Protein chains: 2
Amino acid sequence: MKPLKKRLLTPGPTMVPERVLEALSRPTLYHRSPEFKEIFLDTRERLRRLFKTEGEVLILTSSGTGAMEAAVANLFKPGDSAVVVAGGKFGQRWEELCRAFGVKPITVEVEWGKSVSVEEIGKILTTTPDVKGVLVQICETSTGTIHDVKAIGKITKELPDCLLIADGITAYGVYDIPTDDWHIDVAITGSQKALMTPPGLAVISLNEKAVNRLNDNPTAYYFNLKKELKQQPKGQTAYTTATNLVIALNEALKMIEEEGLENVAKRHEMLAKATRAGVKALGLELLSENPANGVTAVISPEGINGQDVVKIARETFGITIAGGQEHLKGKIFRLSHMGYVDIFDILTGLEVTEFALKKLGYNRFNFGDSVKAAMEVYEKETL
Amino acid sequence: MKPLKKRLLTPGPTMVPERVLEALSRPTLYHRSPEFKEIFLDTRERLRRLFKTEGEVLILTSSGTGAMEAAVANLFKPGDSAVVVAGGKFGQRWEELCRAFGVKPITVEVEWGKSVSVEEIGKILTTTPDVKGVLVQICETSTGTIHDVKAIGKITKELPDCLLIADGITAYGVYDIPTDDWHIDVAITGSQKALMTPPGLAVISLNEKAVNRLNDNPTAYYFNLKKELKQQPKGQTAYTTATNLVIALNEALKMIEEEGLENVAKRHEMLAKATRAGVKALGLELLSENPANGVTAVISPEGINGQDVVKIARETFGITIAGGQEHLKGKIFRLSHMGYVDIFDILTGLEVTEFALKKLGYNRFNFGDSVKAAMEVYEKETL
């Protein structure tokens, strides 16, 4: 039987609410029109409230990686050194970006699935002169692991020349993150994760410490944050912005405010707990020692290739979940609970996991076991 | 926690596929334009294939009840008598329509949840002179029960003056019904059930026997089937048709043909079996002795009002299921598996039933019990 429906349970792009799709399909506006400017400015304000920052928030027409590049290109000079937390694919990306822009990475290797030792970062920062920044993920999406960025901020805030640059691509809108209070100098997110909007927009926040560091790197032509900083407070962008996506993002941010960021964060926490309980009820283990609330990485049982779980879910059941990346490919699969997701979506994700595992010969559970465990968590947490 | 999402699991309107919503939102066409005529004619042909009839198929801009009225108003004269099968709310509707148009109903009362005795109908038809028709439901939606219309057709086909008029509103697109082979002279359906289109269109088929009986009832002004019969083969309608809905229905019919009517019917059968197994695993009983594949009517456990199950599902979980009607109000609740529905929707319906029943104090099950039973059926039937 060919799947009738398609469901997206990946850690981005995530499911887009009907309201946001409707906003996306409104007539395209001219990006220099007063009507659009108003929406653009309103979107920036909403992002400021989401980030809880008094600093600047810029919208870029790119994926999240574009904003990561913008951070490295605009805030470091060739020859600068930066501490990079490499505990997964996205930590590695910071390292690659440093190399691409002549920045010397001081890499803190972290076993994939573990959180970085803040102590180790502190040690490097006190013993190494002239470190210009710390590049880290709030949530390392490839392993579903949280790093303690708040604790890192307590160190970097005392270092006037060291910026804390946090990739919060799968963290903003999952957690209630007080960017300023945590002393995150530069924070990044993307539209296609907990912000419930299709891919194509990135967001980068800069506090005063960061703004003062912006350089004039000529190769940062498209991702020129100084130019954007001149334009965006006027409701303009340096280059053409993805107008319909901005309007869609505006609608998504309205939804987050209507639900309340605190409630949004609570919902994600509950969904993550339910997912973890469900997975454990199947006799499976989590990859992460410090699992994130946006995505759960599950270690594939012995003898079963995680990619096969993903393949069966998609081809037989029309449900897209994510596999592992790099050396974790085949070793894990990932269930997302980020954005426009409720308990029934979680249960669907667990059910398709059960169907696929049974089909692959893993029999250490009965149908419904993960559902039972997740429903019990839901009942306890909310009813 | 306010529900994040809304899900429609009622026996109409049912969930509308994205493709159909997209078609619905295309620019409105002039109903007399060549472009629209082509779509209209194509839709009629697709409906003919769905009904498996060589007869006429007319599209009416109304709910299914409009087509029921059209049948009574155009095919009977005041003073005529007709056998009416009254085994639920929609059987009663035939009776009300007969009275409204001066037709004498010979009502066969059937306990709600039971199927009509074909023998009894046969007896009436052989002992009562001049019965002009039999009015019946293929599926009585209010009780989720099937009547054996095929068997009735074997009787009525021998009676040149007696039409078999079947309300197939929750049967076409759930089952593969060979209208001509079953000798159904007039069959009716609506857009908002298994045809996966929003409410607003009804369909009525007429074979030669029925066409020859069309009268000139002046009060059937809007529902004038003779007028429609002159217009519709030319791609016209007597009055303005719901153009966007026709285009949406066209898309839905394409989806049914792509899946294959036989597969569509098999899917509904599998989903119905899974639902019934799930419900029974909770210690609950079905209302129907002959349950339909489009909707499952569940007897609410003692001490629990079915309306409360419906209320909690909607208000706490954002899921709309249906209650009972008339004297069954409070006594039952109904889970639909009609149209754009897959196994995960069924499991969601069972989960919300579990959550609601637990909340109402019914504890004769563990969370996940119904899911387990339904997943087992699914595995057995399809994997």
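This is a chat about helix H12 of chain B and the contact between chains B and A in a predicted model.

Reader: Let's start with H12 in chain B. How many residues does it have, and what's its reach?
Author: H12(B) runs over residues 343-359, which makes 17 residues. From first C-alpha to last it reaches 24 Å, close to the 24 Å expected at 1.5 Å a residue.

Reader: Mostly covered or not covered?
Author: Mostly covered, with 16 of the 17 residues of H12(B) buried.

Reader: What's going on at the start of H12(B)?
Author: There, Asp342(B) puts a side-chain oxygen within 3.1 Å of the backbone nitrogen of Phe344(B).

Reader: And just after the helix? Which residue takes a positive phi?
Author: Gly361(B), at about 95°.

Reader: OK, switching to the interface. How many residues of each chain are in contact?
Author: 35 residues of chain B touch 35 residues of chain A. Together the two chains bury about 3,300 Å², and 73% of that is on carbon and sulfur atoms.

Reader: Which three residues of chain B supply more of its buried area than any other three?
Author: Leu4(B), Phe344(B) and Phe367(B), with 22% of what chain B buries against chain A.

Reader: How many salt bridges between the chains?
Author: The count is 6. One pairs Arg7(B) with Asp342(A), at 2.6 Å from N to O.

Reader: Which helices of chain B each supply at least two residues to that side?
Author: H10, H11, H12 and H13 of chain B each do. H12(B) gives the largest share, 9 residues.

Reader: What's the mix by class there?
Author: The side of chain B touching chain A has 17 nonpolar, 6 polar and 12 charged residues.

Technical notes: Residues are numbered from 1 along each chain as its sequence is written. Chains are lettered from A and ligands numbered from 1 in the order in which they are written. This is a predicted model: local features need pLDDT of at least 70, side-chain atom pairs count only at pLDDT 80 or more; totals for chains, interfaces and linings use all residues. Side-chain values use heavy atoms; hydrogens and water are left out. Helices (H or I, at least four residues) and strands (E, at least two) are DSSP runs, numbered from the N terminus. The expected span of a helix is 1.5 Å times one less than its number of residues. Buried means under 20% relative accessible area, exposed over 50%, partly exposed in between (1.4 Å probe, protein chains only). A polar contact is a pair of N or O atoms within 3.5 Å; within protein, one must be able to donate a hydrogen and the other to accept it, and residues adjacent in sequence count only if both atoms are side-chain atoms. Contact means heavy atoms within 4.5 Å. Buried area is the accessible area (1.4 Å probe) that two parts lose on being put together, summed over both. A salt bridge is a side-chain nitrogen of Lys or Arg within 4 Å of a carboxyl oxygen of Asp or Glu. Ala, Val, Leu, Ile, Met, Phe, Trp, Tyr, Cys and Pro count as nonpolar, Asp, Glu, Lys and Arg as charged, and the others, Gly among them, as polar.
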